[in-house]
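Let's take a friendly walk through this chain, from the place where its parts meet to the ligand site. Please have the structure open as you read.

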Amino acid sequence: MGLKVYINGKFYEKKDAKVSVFDHGLLYGDGVFEGIRSYNRLVFKLKEHIERLFESAHTIMLEIPLTPEQIIKAVVSTLKINGFKDAYIRVVVTRGEGDLGLDPRKCKGKACVIIITDRIVFYPERLYKEGLQVVTVPTVRNLPEALNPQIKSLNYLNNILAKIEAVNSGFEEAIMLDSLGYVAECTGDNIFIVKRGELYTPPQCMGTLRGITRDTVLEIAKSKRIAAHEHVLTRHELYNSSEAFLTGTAAEIIPVVKVDGRLIGSGRPGKTTLMLMKEFSKVTKTEGVRY
Ligand SMILES: *Cc1c(COP(=O)(O)O)cnc(C)c1O
C-alpha cells in the first residue's frame, strides 16, 4: 500500500495525485501553504498552523472551501490513512484552475486543497551535533510592502534564489538580509542569537516570517526565565554572538557554528542552544492534537 494524498476531499495514490496544468498554483505560484509536523501521534501546533494558513489566504483573497475545523479533520484523516506516527505534513491551497492569464477571477471553480504527509529527514543528524555553517547571500528577503514574508505563499523564488546562492558558495543554508541590510532570516528558518545569556531574534515587521517554532522557542525561554528580545540584528552582532541557531518546523532547532567564515562562540553548539533543543523535543512529545 503506497502513500495516499488528500486532494479536495478524496484520497489518491501518490502516482495519481495530480492537479491541472491550468492551476494558477502552478502557473503563477498563486496559493498558500503550511508545513506541519506530528510527533508520536500528536500534531504540533496544528491550530496555529491552520490559523496562519487562513491568514495567508485572507491577504491574497483566496477563499479556502473548508473551515479551519474541517482542514484539521482532513489533516488527521490523512495521517491516519497513511498510518504515520511521526510525519511532516504539507497543506497546500491553490487558486485552482483558470486560463493562461493571471486574473484570479478566471479561476471559476473552488480553490484546490492538497494534504501530503510523509517522512522527512531534513538535515543529517551530524549537523545537529556539530552545527551548521552558513553564508550571507546577495538576494535580500522580499520587502513587506511588496510580497510580505508573513504570507506563506507558493511563490518561494525569493528563498530559492537565496538557497541557490548558498549552495553555489558551498553552504547548506543562507542568511538573508532585509532591504536595510539587517539580518532577516534563512531560506525557510528563523534565526536566533545568544549574547550574555539572552536571546535575540529579528522582529517580524521587517522581512521575517513569524515562525511557529520561533514562537515556541520564545515561550520556552519565558518559562526558563531567559530574557528574549525581538530586535533588529546586524551581521556584526551575529558574528560576535556566543551562540546562534535556526528554527523551523522541518529543521526544528539546529545550531549554527560559523557565519561568513567567522566562528560563532567556541565553534561548537552552545549550552543555551542545546538546552532549548532538549526542551523543544520535550514540548513536541507532550503537546498537540492527538490522532
Ligand atoms: C515556514 C518558514 C519559517 C519557519 O516557520 P515555522 O512556522 O517555524 O515552520 C521561517 N521562514 C520562512 C521563510 C518560512 O517559510
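Between domain 1 and domain 2 of this predicted model, nine residue pairs are in polar contact, with both partners at pLDDT 80 or more. On the domain 1 side, the elements that each give two or more residues to the contact are α1 (24-28), β3 (31-39), α2 (46-59) and β5 (87-94). Strand β3 supplies the largest share of that side, with eight residues. Sorted by class, the side of domain 1 that touches domain 2 holds ten nonpolar, eight polar and six charged residues.

It helps to step back to the two domains themselves. Domain 1 covers residues 4-118, and domain 2 covers residues 126-283. In the contact, 24 residues come from domain 1 and 18 residues from domain 2. The C-alpha centres of the two domains are 27 Å apart.

How much area is buried between domain 1 and domain 2? The value is about 1600 Å², and carbon and sulfur atoms give 64% of it. Within domain 1, the residues that lose the most area to domain 2 are Phe33, Phe44 and Arg52, which together make up 36% of what that side buries.

Charged pairs come next. Side chains of opposite charge can pair when their charged atoms come close. The count of salt bridges comes to 16, and one salt bridge is found across the interface of domain 1 and domain 2. Glu219 and Lys45 form a salt bridge in which the closest N and O atoms are 3.3 Å apart. This pair links distant parts of the chain, 174 residues apart: Glu219 sits in helix α7 (residues 212-223), while Lys45 is in the loop between β4 (42-43) and α2.

Now to the ligand. Which residues come nearest among the 16 around the ligand? They are Lys152, Tyr156, Glu185, Thr213 and Thr249. Three polar approaches to the ligand are set out here, each with the kind of atom on either side.

| Residue | Protein atom | Ligand atom | Distance |
|---|---|---|---|
| Lys152 | side-chain N or O | oxygen | 2.7 Å |
| Glu185 | polar side-chain atom | nitrogen | 2.5 Å |
| Ile212 | polar backbone atom | oxygen | 2.7 Å |

Lys152 and Glu185 thus appear both in the table and in the list of nearest residues. For Ile212, the atom concerned belongs to the backbone, whereas Lys152 meets a ligand oxygen through its side chain. Glu185 also uses its side chain, with a nitrogen atom of the ligand as the partner.

Technical notes
Residues numbered from 1 in each chain as written. Predicted model: local features only at pLDDT ≥ 70, side-chain atom pairs only at ≥ 80, totals over all residues. Heavy atoms only, no water. Domains from an automatic or database assignment. Contact = heavy atoms within 4.5 Å. Buried area = accessible area lost by both parts, 1.4 Å probe. Salt bridge = Lys/Arg side-chain N within 4 Å of Asp/Glu carboxyl O. Polar contact = N/O pair within 3.5 Å; in protein donor to acceptor, adjacent residues only side chain to side chain. Helix = DSSP H or I, 4+ residues; strand = E, 2+ residues; numbered from the N terminus. Nonpolar A, V, L, I, M, F, W, Y, C, P; charged D, E, K, R; others polar. Near = heavy atom within 4 Å.
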